[in-house]
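Student: I should like to learn how charged side chains are read in a structural model. May we take one feature at a time?

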Amino acid sequence: MGTKTADETGAETGAEATTDEEKVSVTKTADDASESATGAEPEAAAAGTEAAAGTDAALDAEGAESADDAEDADDADDLADDADLAAELAEAEGPSGVGQGAGAVVSVALGLVSLTGGWIGTVAAARETLVGQLQTSSTASVATQVKEVYGDAWQTTALWAGLFALASLLTAVVVLARPAFGAPGRPQAPWIKSVAWAGVALGVIGLLLAVLKYSDALLGLPSTS
């Protein structure tokens, strides 16, 4: 009975074939796993590199933003310091000169009124004429009538002109003398000086003309003889 039958031989051959197929399958599976692991490693490395690059870029962006914010904060601090310094200098220097400029312009305006006349001088002269007509009788001499009706009115006009000229002169002098009583070492604006000196000139001229007219040295009454 030492001889194997055909069925037993076929069974053994099938078993061996099955074992060989299983070995080949296991080998292919191991090779596929190895290839997958080998292919995954570069992908994982590339992903890690990209992640690291993204992290570095984010850190660089955050650092740039922080630097910009710090620079903006420094600029804001510098502007605030400059504003505080300007305010301190303005307080130390005192007034800006607006009042002095206004005073200089007013002095010039008063000087022009003294030379050209104003409504108050015109009304005063007309009133003096009316008073002279009422107080002078028709039997008075011609010289008396001329003096009461015209002479007194002209003197009234000269008086008001002289008052305006004096106000112009005093205002201009106050403007020119103001820096001496203000902040030391702070010069007066050139245009303020120019306008103030113009007011002085107009005041002097107006005052001189008013005195000459009031005393009848200029444009005196005509002779009635």
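Tutor: Helices (H or I, at least four residues) and strands (E, at least two) are DSSP runs, numbered from the N terminus. D75 lies in helix α1, which covers residues 6-93. This is a predicted model, in which local features need pLDDT of at least 70, side-chain atom pairs count only at pLDDT 80 or more, and totals for chains, interfaces and linings use all residues. Residues are numbered from 1 along each chain as its sequence is written, and side-chain values use heavy atoms, with hydrogens and water left out.

Student: Is D75 buried, partly exposed or exposed, and why?

Tutor: Buried means under 20% relative accessible area, exposed over 50%, and partly exposed in between (1.4 Å probe, protein chains only). D75 counts as partly exposed because its relative accessibility is 39%.

Student: How is a salt bridge recognised, and how many are there?

Tutor: Side chains of opposite charge can pair when their charged atoms come close. The criterion is a side-chain nitrogen of Lys or Arg within 4 Å of a carboxyl oxygen of Asp or Glu. By this rule there are two salt bridges. One joins K147 to D152, at 3.5 Å from N to O. D152 is buried because its relative accessible area is 12%, whereas K147, at 41%, counts as partly exposed.

Student: Which residue forms a salt bridge with K213?

Tutor: The partner of K213 is D216, their closest N and O atoms being 3.7 Å apart. K213 counts as buried, at 13% relative accessibility, and D216 is partly exposed, at 33%. D216 belongs to the segment after α5 (190-214). Its phi is near 65 degrees, a positive value in a residue other than glycine.
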